[in-house]
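Biologist: I am new to this structure and would like a short tour. Could we look at it together?

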Amino acid sequence: MTDERSGPGPRSRGEARRSRDEEAHRLHRWEASAAADRRGGDIRRHTNVSTSAALDIPTRPDPAAPLSSVAQSGATGRATTSGPGRARRRRRRGLSTKLLGAAGVLGMLLTWELLPLTGLVNERFMPPASQAIGGLITNFGLTDFWVAVADTMWAWALGMIIAVVLATVLGFVIGSSTFLRRFTNSTIEFLRPVPSVALIPLAVLLFGVGIESSLMLIVYACFWQVLIQVLYGVADVDAVAMNTARSYGLGPFARMRYVTFPTALPYVMTGVRLAAAVALILAITAQLIIGTPGLGAEISRAQSGGNYVSMYALVLATGLLGVLINLVMRIIERKILSWHSSVRTEVAA
């Protein structure tokens, strides 16, 4: 009887295994040779066609391989950016960015300190930065100061909540309907550029000097910031994903929850973060001009009474408040969007 394995035909399992072992052995020898060349200062790339083809396999680049290995270099022969080296570069970049930011703040304070001392500006109307910082530290121990901060933050928070809720709901409703988008487009484009400060006389006529006047300005300014972002987010929904959801029998509310909302959420958070800064600006402005209780009203009283050191100290307080709000909003945004690629890239960088 003739042995079929002795004749021509498919290779046996032993032959296939030996072939794979030989290929792996050849790759390891090539890798050791390339590492030796790099250590010896030879930075030339091997351009052998068979070698490049052998490297083009799904298991490379290998995250567990040494930084100088072929597996880390990948099929192209170029070193990848993964590994401890990249982490060190990220830390250095983050440290250099913080140092540059601190240097910018110190430069601004130094310029402020020198301007009145050199006589370029009147020291009476613009005291040195050291005096303003001292006045700010003194204010930290005053009850009236913290009452004014609480009034400002209450107007800010209340206006933000009203604006975000209204803009988010209307944004999803309008953005989900082609008819509503076309019907409201002209109205939105007409009302959005109107500055909120132009509504101060109307707010005073309607609500007087109460907190309602501040809320009117804050809500009007923040509403457009969030609404426009929500409309962009709803318009960015993938048509294929929406059609797939329909084909699986998802209703309007289910499609809104599982398709539209995740797509629009990054836009919503961007609008909320922008609206947070705008809300603080409008809260201070309304208090400064209308006289609603808060930091703005305290600044106006200090300016009217000629207490310019206290006035600049309160201005610094509003700046610190804005920085704190921005940091908190960024933390909230990163927590909510931890699954999103943009936040993962920002954290990794």
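Modeller: The conversation below goes through the fold, a pocket and some individual residues. Please keep in mind that this is a predicted model.

Biologist: How many helices and strands are there in the protein?

Modeller: The protein has 14 helices and zero strands. Read from the N terminus, every element in the run is therefore an α element, in keeping with the DSSP assignment of helices and strands.

Biologist: And what share of the residues is buried?

Modeller: Of the 349 residues in the protein, 33% are buried.

Biologist: What about contacts between residues far apart in sequence, 24 or more positions?

Modeller: Among contacts with a separation of 6 or more, 63% join residues 24 or more positions apart.

Biologist: Let us turn to pockets. How much space lies in the largest pocket?

Modeller: The largest pocket holds about 310 Å³. Its lining comprises 16 residues, and those closest to the centre are S176, V234, M242, R246 and T260.

Biologist: Which helices supply at least two residues of that lining?

Modeller: They are α7 (178-191), α9 (211-235), α10 (239-247) and α11 (252-289).

Biologist: What classes of residue are in the lining?

Modeller: The lining has seven nonpolar, five polar and four charged residues.

Biologist: Tell me about α9. Why is it described as largely enclosed?

Modeller: Of the 25 residues of α9, 19 are buried, so the helix is largely enclosed by the rest of the structure. From first C-alpha to last, α9 reaches 36 Å, close to the 36 Å expected at 1.5 Å a residue.

Biologist: What happens at the ends of α10?

Modeller: At the N-terminal end, D238 acts as a cap, with a side-chain oxygen 3.3 Å from the backbone nitrogen of V240. Just after α10, G249 takes a positive phi of about 85 degrees.

Biologist: Moving on to R273, where is it found?

Modeller: R273 is in helix α11.

Biologist: Is R273 buried or exposed?

Modeller: R273 has a relative accessible area of 19%, and the cut-off for buried is under 20%, so R273 counts as buried.

Biologist: What does its side chain make a polar contact with?

Modeller: The side chain of R273 makes a polar contact with the side chain of E333, at 2.8 Å. Apart from neighbours within four places in sequence, R273 is in contact with N326, M329, R330 and E333.

Biologist: Which other residue of α11 could we look at?

Modeller: L280 is also found in α11. Its relative accessibility is 8%, so L280 counts as buried.

Biologist: And what is L280 in contact with?

Modeller: Leaving aside neighbours within four places in sequence, L280 is in contact with T152, W156, T318, L321, G322 and I325. L280 and A157 are 123 residues apart in sequence, while their C-alpha atoms are 9.1 Å apart in space.

Biologist: You mentioned T152. Where does that residue lie?

Modeller: T152 lies in helix α6, which covers residues 143-175. T152 is buried, with a relative accessible area of 0%. Beyond neighbours within four places in sequence, the residues in contact with T152 include L280, A283, I284 and L321.

Biologist: One last residue, V323. Which helix does V323 lie in?

Modeller: V323 lies in α13, residues 308-336. V323 is partly exposed, with a relative accessible area of 49%. V323 and A277 are 46 residues apart in sequence and 9.0 Å apart in space, C-alpha to C-alpha.

Methods
Residues are numbered from 1 along each chain as its sequence is written. This is a predicted model: local features need pLDDT of at least 70, side-chain atom pairs count only at pLDDT 80 or more; totals for chains, interfaces and linings use all residues. Side-chain values use heavy atoms; hydrogens and water are left out. On a 1 Å grid over the protein atoms alone, a cavity is a set of points where a 1.4 Å probe fits but cannot get out, and a pocket is an open set with protein on both sides within 12 Å along at least five of seven lines; lining residues have an atom within 4 Å of a point. Grid points are joined across faces, edges and corners, and a volume is the space filled by probe spheres set on the points. Helices (H or I, at least four residues) and strands (E, at least two) are DSSP runs, numbered from the N terminus. Ala, Val, Leu, Ile, Met, Phe, Trp, Tyr, Cys and Pro count as nonpolar, Asp, Glu, Lys and Arg as charged, and the others, Gly among them, as polar. The expected span of a helix is 1.5 Å times one less than its number of residues. Buried means under 20% relative accessible area, exposed over 50%, partly exposed in between (1.4 Å probe, protein chains only). A polar contact is a pair of N or O atoms within 3.5 Å; within protein, one must be able to donate a hydrogen and the other to accept it, and residues adjacent in sequence count only if both atoms are side-chain atoms. Contact means heavy atoms within 4.5 Å.
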